[in-house]
Amino acid sequence: PPPPLPPPPLPPLLPSHRLVESVEELRALVVTAASDTSLQLQRGAFLSLGGSELECTNLNASQIIAISIRSSPDASATIDADGRSRHFRVSGGCRLLLHDITLINGHEEEDGGSVLAEDGGEAVLRGITISNSSAGRDGGGIASKRGSRLDLQAVAVTGCVAGNSGGGLFASLSQSLGIKDSIFERNRAEKGAGAIEYSSQETNSDGALIAATTFKGNDGETTVSSDAPVKWTCQRGKYMPPTSGKGADAFTGDFTGCLKECAAGFYGNETDLQSPTCSGQCPLGHHCEEGTADPTPCPPGTRMPALGAASEEACLPCAPGQYQPLAGQEGCIACPAGSFSSAVGSPACEDCPKGGFCEDAGAASRLVWQACPAGGFNPTTGSSSNASCEPCPVGTSSAAPGAKSSETC
């Protein structure tokens with residue numbers, strides 16, 4: 001018979017990590033950890049929890065244990081809870097770090113269908129996907145309660161369901177909450193927010209931050225509800241109040257970053273704005289439509305002498321006899337002597353024609369043009385006085401005023 005095939009090569013093992021090849025081994029290492037532990041799952045592992053969650057806790061209140069679990073660098077792992085339990089419970093004295101793992105089919109009759117952090121526990125998720133998980137109460141995907149900490153980056157929470165609120169995530173009496181570069185999609189809550197419910201925080205809380213996160217297709221009374229203040233990092237031109245409200249003040253619908261646009265007549269060139277007035281009124285010489293990040297200059301030939309212009313139509317055209325060659329100006333300029341402007345909104349004045357001169361500044365019509373007297377001529381445009389009229393050469397004359405050259409003499 002042919003010789004047996006050699007065993008598949010082991011995945012590259014990250015420094016200071018221990019390779020885990022079965023769910024039984026993973027469970028034993030998590031439960032018995034007495035010091036910081038770094039675990040790497042077998043390449044492309046598919047682990048079934050068999051109806052019992054993985055619990056990270058530490059009864060020694062004077063020491064925090066950090067347990068890191070990650071996929072192999074070349075093939076991500078999946079942990080399946082089979083709809084029989086949540087995946088992880090993290091409580092006081094334990095800091096759980098999950099990297100590049102897919103968590104599917106979690107279920108819990110109470111809070112946190114996939115991950116529950118409570119009683120001072122901390123969960124740090126990086127590159128994690130949580131899908132098709134459910135909770136009978138709050139937090140279909142993730143729940144954070146009673147002084148716990150959550151830190152999510154590049155996390156996808158999709159297709160999770162809460163019987164109460166927070167289809168994707170629920171936080172109550174939170175010590176800290178951070179969500180960056182993540183997505184909450186197609187989550188559902190029977191009551192409250194379909195994606196995130198941030199109901200309260202500890203008195204000495206470090207606060208909550210949500211940045212560069214996408215909300216799409218979530219189903220609930222609102223998309224995000226925040227009774228406790230959240231600091232949002234917005235795209236320029238947008239803002240987000242720290243707490244949500246009812247009706248028009250609710251955080252409802254699909255959005256990325258922040259939901260609300262700076263009001264017309266105002267602009268927002270910062271990323272932490274919390275009211276529709278954003279960074280302030282549109283400056284002189286400019287206009288700002290809804291959602292403006294950088295004020296738009298009024299075009300040449302117009303002016304804006306007041307703050308808060310809301311559209312280009314608000315820019316005032318220069319009157320006849322005036323001009324403005326530059327964009328973004330608060331006033332117009334009178335045409336200098338030797339020129340005129342008969343049109344409204346002129347970016348430039350016209351030179352007075354040859355054969356005469358225009359003596360007054362601010363002329364609104366070429367009718368102010370005065371002809372050189374008979375016996376003289378003016379070959380140039382834009383003249384402002386009769387000194388520009390030249391006499392005909394000696395021995396010649398011109399019978400009519402307004403001569404343009406000596407050839408008429």
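**Exercise 1. Asn132 and Leu173**

Task: In this predicted model, decide whether Asn132 counts as buried, partly exposed or exposed, and then work out what sets its backbone apart.

Solution: Begin with the accessibility of Asn132, which is 47% in relative terms. Buried means under 20% and exposed means over 50%, so Asn132 counts as partly exposed. Next, place the residue in the chain: Asn132 sits in the loop between strand S13 (129-131) and strand S14 (134-135). Finally, turn to the backbone, where Asn132 has a positive phi of about 55° although it is not a glycine. Most residues other than glycine have a negative phi.

A second residue can be treated in the same steps. Leu173 has a relative accessible area of 38% and is therefore partly exposed; it lies in the loop between S19 and strand S20 (176-180). The phi of Leu173 is near 50°, again a positive value in a residue other than glycine.

**Exercise 2. The surroundings of strand S15**

Task: Find which strands pair with S15, and describe how the side chains of S15 are directed.

Solution: Take one partner at a time. Strand S11 (residues 115-118) pairs with S15 in the parallel sense over four bridges, and within this pairing Leu116 has Ala143 of S15 as its bridge partner. The pairing of S15 with strand S19 (residues 169-172) is likewise parallel and has four bridges; here the bridge partner of Ile142 is Leu169 in S19. The last step concerns direction: from strand S15 (residues 142-145), Ile142 and Ser144 point one way while Ala143 and Lys145 point the other way, and all are buried.

**Exercise 3. Strand S8 and its two partners**

Task: Establish how many residues of strand S8 are buried, and which strands pair with S8.

Solution: Strand S8 (residues 94-99) has six residues, of which five are buried, so that the strand is mostly covered. With strand S5 (residues 65-70), S8 forms a parallel pairing over six bridges, in which Ser68 stands opposite Leu97 of S8. With strand S12 (residues 122-126), S8 also runs parallel, and five bridges join the two; in this pairing Leu98 stands opposite Leu125 of S12.

**Exercise 4. An open sheet**

Task: Give the order of the strands in the open sheet of four strands, and name its edge strands.

Solution: The order is S10-S14-S18-S22, and the pairing is parallel. The edges are strand S10 (107-108) and strand S22 (188-189), since each of them pairs on one side only. To look at one junction in detail, consider strand S18 (residues 161-162), which runs parallel to S22 and is joined to it by two bridges; Ala162 has Ala189 in S22 as its bridge partner.

**Exercise 5. Aromatic pairs**

Task: A search of the whole structure finds five aromatic pairs; classify the pair of Phe184 and Phe215 and that of Trp232 and Phe251.

Solution: A pair of aromatic rings is described by the distance of the centres and the angle of the planes. For Phe184 and Phe215 the centres are 5.7 Å apart and the planes stand at 15°, so the pair is stacked. Phe184 belongs to strand S21 (residues 183-185) and Phe215 to strand S25 (residues 214-216), so this pair ties together parts that are 31 residues apart in sequence. Both Phe184 and Phe215 are buried.

For Trp232 and Phe251 the distance is 6.0 Å centre to centre with 85° between the planes, and this aromatic pair is edge-to-face. Trp232 lies in strand S27 (residues 231-233), whereas Phe251 is in the loop between strand S28 (238-239) and strand S29 (255-256), so the parts tied together are 19 residues apart in sequence. Trp232 is buried, with a relative accessible area of 2%, and Phe251 is buried at 0%. As a last step, put the rings together: ring pairs link Phe184, Phe215, Trp232, Phe251 and Phe255 into a cluster.

**Exercise 6. The largest pocket**

Task: State the volume of the largest pocket, and divide its lining by residue class.

Solution: The volume is about 190 Å³. Residues that line this pocket include Glu197, Glu221, Asp227 and Lys246, together with Ala250 and Thr252. When the lining is divided, one residue is nonpolar, six are polar and four are charged.

Conventions:
Residues numbered from 1 in each chain as written. Predicted model: local features only at pLDDT ≥ 70, side-chain atom pairs only at ≥ 80, totals over all residues. Heavy atoms only, no water. Phe/Tyr/Trp six-rings, centres within 6.5 Å; stacked < 30°, edge-to-face > 60°. Buried < 20%, exposed > 50% of the residue type's maximum accessible area, 1.4 Å probe, protein only. Pairing = 2+ DSSP bridges. 1 Å grid on protein atoms, 1.4 Å probe; cavity = no way out; pocket = protein on both sides within 12 Å on 5 of 7 lines; lining within 4 Å. Points joined across faces, edges and corners; volume = space filled by probe spheres on them. Nonpolar A, V, L, I, M, F, W, Y, C, P; charged D, E, K, R; others polar.
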